[in-house]
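Colleague: I have a new model in front of me and want to test its labels. Shall we go through them one by one?

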Amino acid sequence: MKETFYTNPSIFVFTKIRTYMPHTISGFSKLSKSEKIEWLLNTYFTDKDSARALVKQYWNTDDKLQKLHDEFIENTITNYYLPLGVAPNFLINETTYTIPMAIEESSVVAAASKAAKFWLDRGGFKAEVLSTEKIGQVHFIYKGDFDKLEAFFKHVKLKLISESAFITKNMERRGGGILDIQLRNKSEDLPNYYQLHATFETLDAMGANFINSCLEQFATTFKNEALVFEDFTEEEKHISVVMSILSNYVPQCLVRAEVSCKIEDLKSKDIPNPEEFAVKFKQAVSIAEVEPYRAVTHNKGIMNGIDAVVLATGNDFRAVEAGVHAYAAKDGKYSSLTHCSIENGVFKFWIEIPLALGTVGGLTNLHPLVKFSMEMLQKPTAKDLMKIVAVAGLAQNFGAVKSLTTTGIQEGHMKMHLMNILNQFEATDAEKITLIEHFKTNVVTHSAVVEAIKQIREQENFK
């Protein structure tokens with residue numbers, strides 16, 4: 001920190017200006033773990049001993065396991081915990097599952113479990129994979145005649161595939177590989193912009209590394225062959241590849257999950273009038289289909305269930321999120337991912353969603369709790385996992401819309417959130433027992449919980 005001093009002559013006030021220099025460092029990645037921590041503590045923390053103790057408190061006592069976690073990412077200093085919960089009683093295509101969910105939000109696991117139990121006695125969930133095609137693109141700039149480029153692509157297409165054989169041979173042996181490569185003219189969107197648009201089948205692997213390796217080889221072959229293509233002018237021969245990368249938008253990697261039953265069979269403790277419930281539920285879904293402000297929150301609830309399972313199984317929830325929300329806007333307007341119908345006395349609720357997931361490779365073979373989750377799910381294939389994840393999203397959405405159209409969302413959510421508030425105020429076990437009982441019959445709000453804790457403690461002090 002640099003300090004400068006000056007006197008303002010108009011008001012004769014002596015002022016001190018503090019100029020803060022940025023906290024930069026060179027070679028941080030080359031420091032040891034302990035050196036990284038010490039630099040952070042010395043740079044940003046006043047109570048260094050407490051901060052150091054907190055960081056170390058979350059280390060695993062098994063040095064080998066901790067080293068494994070350290071090497072998942074760069075510049076690791078400690079572990080960041082999320083609860084791993086389970087939602088039992090999911091009947092999917094006549095098989096019963098207990099689904100692992102890694103998430104911090106109160107009520108998500110409870111809502112999923114409640115929805116699973118609700119549908120367990122009503123036929124369970126049905127799910128099917130509609131397609132498993134994944135996409136990657138080579139984006140390039142070409143300044144020249146499109147007809148010549150098209151002729152060149154036809155000439156070189158088979159060579160693009162053959163020169164990638166060293167990458168694809170193992171995948172092909174298992175039944176996957178390159179499905180097709182297309183030349184796409186995007187020059188109306190951006191001058192001189194074209195694509196090699198490739199589709200892939202990656203089986204039980206999510207396939208990002210496989211697809212990206214293939215694309216980079218396509219780009220190399222494409223550029224090299226262009227240099228010797230006789231019909232090109234000198235300028236046309238010099239194709240400029242901008243980038244080669246998979247797409248997380250996978251509209252042809254689709255799974256569908258649904259539940260259905262006779263309307264009268266919807267009757268339960270909190271659904272005394274099933275006909276009225278079915279109509280109101282369908283109206284709520286229809287609103288999410290036409291109103292983007294509602295659709296975003298509606299779909300966020302779906303992703304509560306989906307992300308929790310994707311994370312628990314070592315998959316990339318950011319990629320899933322990006323692809324899912326793009327799909328929700330595929331018709332030009334952001335809309336609900338779930339749909340509902342009432343026909344011939346039958347209530348049906350379903351989701352159709354793109355999911356690119358893997359059960360081999362990446363963290364699935366490394367993270368011990370991912371292995372644990374996969375075994376809990378009876379060692380699913382990628383297609384099985386797509387079905388399970390889609391069902392989790394559908395169940396979560398059913399639970400949310402059911403609450404919204406009956407008791408309201410806050411009653412259940414705030415009761416689950418109660419424990420977080422109690423922990424925030426370091427409630428004792430005895431206080432928790434008393435307050436949980438109290439709020440079984442009282443509305444949970446943050447202020448109400450604070451007041452109840454205050455009253456209990458005042459009474460204890462008075463004694």
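Modeller: Let's start on the surface. Asp189 is exposed, with a relative accessible area of 60%. Keep in mind that this is a predicted model.

Colleague: Why is Asp189 called exposed?

Modeller: Exposed means over 50% relative accessible area. Asp189 has 60%, so the label fits.

Colleague: What makes Lys186 partly exposed?

Modeller: Lys186 has 27% relative accessibility. Partly exposed lies between under 20% and over 50%, so Lys186 belongs there.

Colleague: How do you know that Asp189 and Lys186 meet in a salt bridge?

Modeller: Their N to O distance is 3.7 Å. The limit is within 4 Å, between a Lys or Arg nitrogen and an Asp or Glu carboxyl oxygen, so the pair qualifies.

Colleague: How many salt bridges does the structure hold?

Modeller: The structure holds 17 salt bridges. One of them joins Glu38 and Arg52, at 2.8 Å from N to O.

Colleague: What makes the pair of Glu38 and Arg52 a tie between parts of the chain?

Modeller: Glu38 lies in helix H1, residues 33–44, and Arg52 in helix H2, residues 48–57. The two parts are 14 residues apart in sequence, so the pair ties them together. Glu38 itself is partly exposed, at 29% relative accessible area.

Colleague: Which residues form one network through shared salt-bridge partners?

Modeller: Glu38, Asp49 and Arg52 do.

Colleague: How do you know that Glu94 and Lys126 meet in a salt bridge?

Modeller: Their side chains are 2.7 Å apart, N to O. That is within 4 Å, so the pair counts. Glu94 lies in the loop between strands S3 and S4, and Lys126 in strand S5, so the bridge ties together parts 32 residues apart in sequence.

Colleague: Are Glu94 and Lys126 buried or exposed?

Modeller: Glu94 counts as exposed, at 56% relative accessibility. Lys126 is partly exposed, at 35%.

Colleague: Why does Lys432 have no salt bridge?

Modeller: The nearest side chain of opposite charge is Asp429, and it is 4.6 Å away. A salt bridge needs a distance within 4 Å, so this pair fails. Yet Lys432 is buried. Its place is in helix H15, residues 429–438.

Colleague: What joins the side chains of Lys432 and Asn423?

Modeller: A polar contact of 2.8 Å does. The cut-off is within 3.5 Å, so the label holds. Setting aside residues up to four places away in sequence, Lys432 touches Met419, Leu422, Asn423 and Ala427.

Colleague: Why is strand S10 called largely enclosed?

Modeller: Seven of the nine residues of S10, residues 254–262, are buried, so the rest of the structure largely encloses the strand.

Colleague: How do you know that S10 and strand S12 pair?

Modeller: Nine bridges link S10 to S12, in the antiparallel sense. Pairing takes at least two bridges, so S10 and S12 qualify. Leu254 stands opposite Pro354 in S12. S10 also runs antiparallel to S5, joined by four bridges. There, Ala127 has Ala257 in S10 as its bridge partner.

Colleague: What makes strand S6 mostly covered?

Modeller: Seven of its eight residues, in the run 134–141, are buried. S6 pairs with strand S8 over eight antiparallel bridges, and Gly136 has Ala198 in S8 as its bridge partner. Seven bridges join S6 to strand S9, again antiparallel. Ile135 stands opposite Ser247 in S9.

Methods. Residues are numbered from 1 along each chain as its sequence is written. This is a predicted model: local features need pLDDT of at least 70, side-chain atom pairs count only at pLDDT 80 or more; totals for chains, interfaces and linings use all residues. Side-chain values use heavy atoms; hydrogens and water are left out. Buried means under 20% relative accessible area, exposed over 50%, partly exposed in between (1.4 Å probe, protein chains only). Lys and Arg count as positive and Asp and Glu as negative; His and the chain ends are not counted. A polar contact is a pair of N or O atoms within 3.5 Å; within protein, one must be able to donate a hydrogen and the other to accept it, and residues adjacent in sequence count only if both atoms are side-chain atoms. Contact means heavy atoms within 4.5 Å.
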